[in-house]
Amino acid sequence: QFEILTEKPTHLEGLQAIGVREGVKSGAWTSNNRSLSLSAPIVVADDSPAKQRFVEAFDDFRRFFPSALCYAKIVPVDEVVTLTLYYREDDQLKRLMLDDAEGARLDQLWQELHFASQDALLSVDAFEQLWQFATQDADPSAFEPLREPLKQRAADFRGELIKAEPTHVAAVIRFAEQAFRRPLSANEQASLDGLYAELRADELTHEAAVRLLIARVLVAPAFLYRAEVGDPLTEESGIVNTRRVTDSELAVRLSYFLWSTAPDSELNNLARAGRLHEPAVLVQQTRRMMNDDRARRLATEFACQWLQIYEFDQHDEKSAAVFPTFTALRSPMYEEAIRFVADLMHRDGSILELLDADHVFVNAALAEHYGLEVVPDSGWRKVVGSQATGRGGILSMAATLSKQSGASRTSPILRGNWISEVILGERLPRPPKNVPQLPDTVPDGLTERQLIEQHSADPACAKCHARIDPFGFSLEGFDAIGRARSGPEVDTRTTLADGTELAGVRGLKDYLLNQRRADFVRQFCKKFLGYALGRAVQLSDEVLLEEMQQKLAAHDFRVSVVLDSIVGSPQFQRLRIDQHSNED
């Protein structure tokens, strides 16, 4: 309680001190017998504007805040039997902190809690237990006035349960549409309604029947498989043995391509309106989805699988004795790769940045691993200018370098084969049988490079090794967990099979960007298209692949060019059909 003191301090003539009166009492604030505290007085001049402002402020305080608040536990835990299953005293919170919409939401949550807990029914049982306890050592008549109100509340709640049953069945129907990723047919809806009726006829409770109804949805082929039938009216389109997918099927294709999950409400609404096939709408939705946080899944599911580092955070093939820091670093290494690709796609960057970006994403641990400035407690940050330290792009990422290495040493063979097959799309023949295995550690007196050169000297192996080993040698400036290294034993100079001389990761990047750019771009397009279609790229896709590469070269190799080409293609919008099938 705040009041203005009427007594004037003798040494402050003409001033008044406003102090704090302590203690609370039910009712008005101005009650008697309250102690006075001047531990922090406010001194004002008598009849001054400042005094008036303080008085008004104290009045506001008394008006807004009650004299006492009790925040008891919402769920009592110390009573054996209680009628107060849920205690609510948030009216002051609503009045002071929440707007009308937030207050309504809070009320709704309480209603849902009461409904789901069925506390109205539980209270009747609790009352009977209290009555029995009271009859043992007291007069139970004090509880009698509670009996009929509790029974009436329970009866009203039973009525609410019965009224809500059709609502619950309708909710399962809506859930089935989400699970099946399309509107239900009349037969499917009738089948679910009929199943519920049969279950109730077999004397199952409503709750048990709804549970089985949900189980039926979750074992349906329409939920377990992404089946497509297409629109039969679009078969005569000049494209043999195809029909256009329905708008709902197109929404599913687009959502699983970009988000790896079912379509959201906006996609579904456009599909129901039959507008998703409109080119402008499809482009707009692609842009919206790429700007959503869920587009991160495209980096995880596509890029990490393509680069062969999927689930790298669980990689456990490094020697703990040789690389004791690896286990703690593998998750940041994986996160860097995901953030790098997600950022590239989100800002519509050039796919050439995959090879030659001038930035990295690091946290404190990974920055130390890379030899960059460590900013404690900074979280993840984008560091620009990383090429000065040899970093930037997938070739110098710790995740890719670590994955294509051995448990205790680097492997130019693995790294070179990865560049050849994964980055450039050149498949190599399988190695001949009975090729001797390389040791896990480098023998004394040899460098890693000398060990590989001895192995590759075998005439049966030399031809393929001449194609891949030089790529791997250029990355010898990084150890088996991606740390930069140097010294007389580290030689990154090499000569490719075509006579091109390379020196280190910079030389490799320049070679790929200048002499092998077309191969890299084609490989990216091929992998991206195959991921989007969920199948292997076929001969019939060659025209689309060529078109994608031409558009990329004409538009600065932007990611959006590839996306637009794929989602607007017949391959993405049409469905192959068997003319001899009886699917209709």
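**Close-up views of a predicted model**

**View 1. Polar contacts of Asp-247 with the backbone.** In this predicted model, the side chain of Asp-247 comes to 3.4 Å from the backbone nitrogen of Arg-275. A polar atom of that side chain also lies 2.8 Å from the backbone nitrogen of Leu-276. Asp-247 belongs to helix H9, which spans residues 247–258. Which side chain of opposite charge is nearest to Asp-247? That of Arg-244, at 4.3 Å. A salt bridge requires a distance within 4 Å, so Asp-247, although buried, has none. Apart from residues up to four places away in sequence, Asp-247 touches Leu-270, Ala-271, Gly-274, Arg-275, Leu-276 and His-277.

**View 2. Strand E5 and its partner E6.** Strand E5 covers residues 359–362, and strand E6 covers residues 381–384. The two strands run antiparallel and are joined by 4 bridges. Phe-361 of E5 is placed opposite Lys-382 of E6. Are the side chains of E5 buried or exposed? His-359 and Phe-361 point one way, Val-360 and Val-362 point the other way, and all are buried.

**View 3. Leu-354 in the largest nonpolar core.** The largest nonpolar core holds 94 residues, and Phe-257, Leu-354 and Phe-528 touch the most other members. Helix H13 (residues 326–346) supplies the largest share of this core, 11 residues. With neighbours within four places in sequence left aside, the contacts of Leu-354 are Trp-306, Phe-340, Val-341, Leu-344, Gly-393, Ile-394, Phe-520 and Phe-524. A second core, separate from this one, has 16 residues, among them Val-169, Ala-179, Ala-209 and Ala-220.

**View 4. Thr-400 in helix H16.** Thr-400 is part of helix H16. Why does Thr-400 count as buried? Its relative accessible area is 3%, and buried means under 20%. Beyond residues up to four places away in sequence, Thr-400 touches Ile-309, Ile-394, Leu-395 and Trp-418. The C-alpha atom of Thr-400 is separated by 9.1 Å from that of Tyr-334, with the two residues 66 apart along the chain.

**View 5. Ser-411 in the loop between H16 and H17.** Ser-411 sits in the loop between helix H16 (398–403) and helix H17 (412–423). Ser-411 has a relative accessibility of 9% and therefore counts as buried. Its contacts, not counting neighbours within four places in sequence, are Gln-404, Ser-405 and Gly-406.

How values were computed: Residues numbered from 1 in each chain as written. Predicted model: local features only at pLDDT ≥ 70, side-chain atom pairs only at ≥ 80, totals over all residues. Heavy atoms only, no water. Buried < 20%, exposed > 50% of the residue type's maximum accessible area, 1.4 Å probe, protein only. Lys, Arg positive; Asp, Glu negative; His and termini not counted. Polar contact = N/O pair within 3.5 Å; in protein donor to acceptor, adjacent residues only side chain to side chain. Contact = heavy atoms within 4.5 Å. Pairing = 2+ DSSP bridges. Core = buried A, V, L, I, M, F, W, Y, C linked by side-chain atoms within 4.5 Å.
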